[in-house]
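Please open the structure in your viewer and keep the selection tool at hand, since each stop on this tour begins with something to select.

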Amino acid sequence: MRTLRVALPGRSYDILMERGLLPRAGELCRAALPRTKRLFVVTDSNVAPLYLRQVIPGLEAAGFETAVGEIPAGEASKSAARLAELWENMMDFGLTRTDAVVALGGGVVGDLAGFAAATVLRGVDFVQIPTTLLSQVDSSVGGKVAIDLQHGKNLAGAFWQPRLVLMDPDTLNTLPDAVFADGMAEVIKYGCIRDADFFSFLLQRPGRREIMEEIEHVLYTCCDIKRKVVEADERDTGERMALNFGHTVGHAFEKVGNYQIWTHGQGVAAGMCAALRLEMELGVAPGLAGDLAALEGLLAAFGLPTAIPLTGEDWPVVEDTIGLDKKGTGGDITMIFLEEMGKALPVKMKKADVLSALSALCGRDGT
């Protein structure tokens, strides 16, 4: 079993990775939560029929009383209405402040369940059991939990670290190719911002089969990068912003498609390319044409978009989304660029200047 320790003041926790881990979730949760009696398990309609039966018996054998809150799969479940429903279900179950929540699923489940845990009874423990590549390498680690608002993604949330993260790479075998590719956008991001050697490693493995042959190394490398960043900047006020490379524009792409046309991974993929084009256009780091070509080739190998056209009708949505970006303060925003492959470069800019340059770059007419 591979283990990483996220060391934070008063709330450190382990990330455990091993094939076939799910049936052992009970004993591992018991070791992390010795006083807990009840576990409220949040999952979704895709994950429940695949993995719930592998997890619940082990939890109950470890002495936990369990209840399950199943939500519809999809981004639409990250809503205030669904959150309130979970709160009521938790109260019906008799959850107390010494009990805990388990998130079994992908990023939507983890974000929603984590925010429910952070807020119900003013905060209870929770465990992340991510089942998608995106959630294993990104959203399950670091304690960002949230729901979406009409204005955009993750605009109501909290920092609430889990007590334990359990990753079973075997769960990735059941992912559709498109969902696996979504996760690869975040995997590739880590190479871009922190590890040029890892980016080169990925270039040599441009396909799902090749990645799965090295999946333990991929998961460990990504989570180790995120662990170090979170330890240095838990509250996302400095270094942690680098993890949002591609996300400022990517979230706008998602919003333009009303979260139905473009997935998070697709938005981030195109957003990373847009960020490189933007910084070259602005003269921030003009010598990145070769890196951009390599990034575009790797993303395309996994079927991810390297550009998403915007029309004039889309532009008010883009302005609204970037205007509300959480890396912004007043009229400024911190854009995450690359100084070179493997080295993130935060640059504070006027939001108006970013929008102007992006408008010229995207054409606003689909060109």
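**Around the cavity**

Begin by selecting α10, which supplies three residues, the largest share of the lining of the largest cavity. Bear in mind throughout that this is a predicted model. The structure holds one cavity of 30 Å³ or more, and the volume of the largest cavity is about 40 Å³. To display its surroundings, select Asn244, Phe245, Gly246, His247, Thr248, Val249, Ala275, Met335 and Ile336, which line this largest cavity. Colour α10 (247-256) and β11 (332-340) next, because these are the elements that give two or more residues to the lining, where elements are numbered as DSSP runs from the N terminus. If you then colour the lining of the largest cavity by residue class, you will find five nonpolar and four polar residues, with no charged residue.

**A buried serine**

Now move to the loop between α5 (133-139) and β7 (144-149), and select Ser140, which is found there. Is Ser140 buried or exposed? With a relative accessible area of 2%, Ser140 is buried, because buried means under 20%. Show the side chain of Ser140 and follow it to the backbone oxygen of Ser135, which it reaches at 2.7 Å. Leaving aside residues up to four places away in sequence, Ser140 touches Gln128, Pro130, Ser135, Pro162, Val165 and Met167, so these are the residues to display around it if contact means heavy atoms within 4.5 Å.

**Two loop residues with positive phi**

Select Arg122 in the loop between α4 (107-119) and β6 (125-130). Although Arg122 is not a glycine, it has a positive phi of about 65°. Arg122 has a relative accessible area of 75% and is therefore exposed, since exposed means over 50%.

Then go to the loop between α10 and α11 (264-282), where Asn258 is found. Asn258, a residue other than glycine, has a positive phi near 55°. The relative accessible area of Asn258 is 52%, and Asn258 is therefore exposed by the cut-off of over 50%.

**Along helix α14**

For the last stop, select residues 351-362, which make up helix α14, and set a distance between its end C-alpha atoms. At 1.5 Å a residue, the 12 residues of α14 should span 16 Å, and the end C-alpha atoms are 16 Å apart, so the two values agree. Finally, highlight Lys351, Val354, Leu355, Ala357, Leu358, Ser359 and Cys362, which are buried in α14.

Conventions. Residues numbered from 1 in each chain as written. Predicted model: local features only at pLDDT ≥ 70, side-chain atom pairs only at ≥ 80, totals over all residues. Heavy atoms only, no water. Helix = DSSP H or I, 4+ residues; strand = E, 2+ residues; numbered from the N terminus. Expected span 1.5 Å × (residues − 1). Buried < 20%, exposed > 50% of the residue type's maximum accessible area, 1.4 Å probe, protein only. Polar contact = N/O pair within 3.5 Å; in protein donor to acceptor, adjacent residues only side chain to side chain. 1 Å grid on protein atoms, 1.4 Å probe; cavity = no way out; pocket = protein on both sides within 12 Å on 5 of 7 lines; lining within 4 Å. Points joined across faces, edges and corners; volume = space filled by probe spheres on them. Nonpolar A, V, L, I, M, F, W, Y, C, P; charged D, E, K, R; others polar.
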